[in-house]
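This report describes one chain together with its ligand, and begins with the surroundings of that ligand. Please keep the sequence and the structure in view while reading.

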Amino acid sequence: MTMSDTLLKVDNVTLRFGGVTALDGVDFEVRRGEILGLIGPNGAGKTTCFNVMTGVFKPTAGEVTFDGERVSGRAKYAITRLGIARTFQNIRLFPEMTALENVLVGTDARHKTSVVGALFRLPRVKAEAHTLPESGWRRTFALTFGVSRHIAEERAARAKALDLLSFVGIEGHADAQAKNLSYGDQRRLEIARALATEPKLLCLDEPAAGFNPAEKARLLELIRKIRDLGLTVLLIEHDMRLVMGVTDRLVVLEFGKKIAEGSPAEVRENPKVIAAYLGVPQDAA
Amino acid sequence: MMSKLRALDNRRLGFLSGIGDRWHALPKPWRIAFGLAFVVFLFALPRINIPFFRTVETDFTTVLWTVAIYVLVAVGLNVVIGLAGLLDLGYIGFFAVGAYSVALFGSPQSVLATKYPWLVCVPIAIALTMLSGVLLGWPTLRVRGDYLAIVTLGFGELIRLIAEKGDALTNGPRGIAEIPYPPGKWPAGVNSEWTGLDMFGPVTSLGWYWLTLVLVIVCMWAARRIEHSRVGRAWLAIREDEDAAEIMGVQAFRFKLWAFAIGAALGGLSGAIFAGKQNFMSSGSFELMTSILFVAMVVIGGSGNLAGVTLGAILVWYLPFKLQDFNITIDGERINFTEYRLLLFGLALIVIMTFRPQGLLPKRYRSSQPPAAAKEEVPV
Ligand SMILES: Nc1ncnc2c1ncn2[C@@H]1O[C@H](COP(=O)(O)OP(=O)(O)OP(=O)(O)O)[C@@H](O)[C@H]1O
Ligand SMILES: [Mg+2]
């Protein structure tokens, strides 16, 4: 397999918390453009796996590589800039900020403006004619002297954030504080915020938890739309119907170990997986 | 009783946000015109006689200057506590570093005396305070939460102890006098008694009030610019959920350090002004109590909101002067309310924190949706 087929590689990763081995030599890869499902019973280590990939925990052994770059050891923000974005199993939005601001924080991952730039409106960049007013001195001024990078970034970010809010279907709530959104809208907002960081890989941690069947159907649609944008999706999900319906491949974890990997059909037939989900001891299966 | 008070408080907030909405609905030229008129009013305030508002016991201009200098402090501390959510209990330390920088480099009495005029000492003071902010923040801002409060508290005390015990340098509680101040003489026609005297000398606080007001306006403008940028958003995100912010690409440590440095710079600037105005600086000026009052004005007023912290500064520093005007005599003994200032603040703090933990003028968000009536149960 050529390098370019593999987007993310989890290479023999082990993570111990004191006595607990949360991940035990886990080995799998995510291929470009696929929707990969990560499943397993409660406490199997799925979320921990996300945490290792996004730099929350450093693996005790093994390493994660993304797009040819080593992930383990990098700062969290640097990993985000490499192109990994995620949502959280227990929603972690910025509750006091509006939905729009939450997404703007995501877009900021790609921005450069800092204190000096915001304060003195420097450096100046070339103005894009279509973003300016039709006529008047402001237009003339901007075309002559350019606009500050801060303003250019803010304008583009707002437009993009509003687009993303409508992409996930909550454009009507842009100015509502995140804490006042309904549970489902909060989950959707988390996806919009993650997408705003311009990831190559989007990791969703149980995005359908607590959803009714109609909401699940909408989410399925959304995940497919995200893949059609050219993103790769890694999905943790307990709902087997949803998982089987949307994923291209599955990786199954149990007690921190990978017990199976393959297409949904293959995995469904795998006796180890059946045993893990039905709770049958392995030697009996 | 409680519910009535709460209802009253909500009505007050509704009224305030009504004013806010109307203000934002005004056309921009009107807002600019009103804003300018208000600034002119502030500059003229010492000469306007508003009955009851004016203090009698203490020179009103000096009171206004005092309030202005602490508004400046509040603007700086708001960046640290209100925006970035870093509980800094030793902000007085930065104030002191700024004040002592001007005293040490400017006063001919000091061992470090230079020939630098006040205008050169101030940028030096700001640079040194920023440096002290970065030096304090570098090791401590990597650690989260309560730890920072303790370390900053220690920093404030440390600076005070250095001021008190570092006799050779600071002359301890005996202090340093002859601290320089800006040049300039009162021209004829302002006040016949002042003509030809130093504008920033002891004869009146008016020059200082005006200077401080200019600085407050400039600093508020700068703080707003930063707040409404990527940096301000990063601060809010860090305050709300630092881990999530980092995973969303926010360089938490870098922006926290910026918050610390900006806060320190403003604290240092206030200290430098303070030193110049007082003309004298001793270790007694930097009590822990003042540091606590600093935090109180931010928290009471409305952490994170410039208007709120300004109100907080006004309440904490104007009221005690006003209270001096109401001396009651019981059994021939004069009771001075100022002595009960801390008691009153304690009570006010408890009441406000009970009813409105976000402060009197909380940061307000226009919400297009009413709060979800009953949030759906969140599954684990
Ligand atoms: N920070 C931590 N400290 C100690 N143990 C942890 C920590 N995080 C996770 N664990 C342990 O690691 C194991 C795997 O947890 P993890 O949250 O990854 O499971 P999961 O597969 O996501 O389960 P679920 O389906 O319930 O979300 C569990 O035994 C858990 O108790
Ligand atoms: Mg989990």
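In this predicted model, strand S2 (20-31) and helix H1 (46-53) of chain A each contribute at least two residues to the shell around ligand 1. The largest share comes from H1(A), which provides three residues. The residues that surround ligand 1 include A:Phe17, A:Val20 and A:Ala22, as well as A:Gly43, A:Gly45, A:Lys46, A:Thr47, A:Thr48 and A:Gln89. Sorted by class, this shell around ligand 1 holds four nonpolar, seven polar and one charged residues.

Strand S2(A) also takes part in strand pairing, since it forms a hairpin with S1(A) in which two residues lie between the strands, and A:Gly18 in the turn has a positive phi of about 55°. S1(A), residues 6-17, pairs with S2(A) in the antiparallel sense, and S1(A) likewise runs antiparallel to strand S4 of chain A, residues 61-66. The two pairings of S1(A) are set out below.

| Partner of S1(A) | Sense | Bridges | Residue pair |
|---|---|---|---|
| S2(A) | antiparallel | eight bridges | A:Lys9 opposite A:Glu29 |
| S4(A) | antiparallel | five bridges | A:Val10 with A:Val64 |

Turning to the chain as a whole, the secondary structure of chain A comprises eleven helices and twelve strands, and its C-alpha atoms occupy a box of roughly 80 × 40 × 35 Å along the principal axes. Of the 285 residues in chain A, 44% are buried. Where contacts in chain A link residues at least 6 apart in sequence, 65% of them join residues at least 24 apart.

Key
Residues are numbered from 1 along each chain as its sequence is written. Chains are lettered from A and ligands numbered from 1 in the order in which they are written. This is a predicted model: local features need pLDDT of at least 70, side-chain atom pairs count only at pLDDT 80 or more; totals for chains, interfaces and linings use all residues. A residue is near a molecule or strand if its C-beta atom, placed from the backbone, lies within 6 Å of it. Helices (H or I, at least four residues) and strands (E, at least two) are DSSP runs, numbered from the N terminus. Ala, Val, Leu, Ile, Met, Phe, Trp, Tyr, Cys and Pro count as nonpolar, Asp, Glu, Lys and Arg as charged, and the others, Gly among them, as polar. A residue is buried if 20 or more other C-beta atoms lie within 10 Å of its own, exposed if 12 or fewer, and partly exposed in between; C-beta atoms are placed from the backbone. Two residues are in contact if their C-beta atoms, placed from the backbone, lie within 7 Å. Two strands pair if DSSP finds at least two bridges between them.
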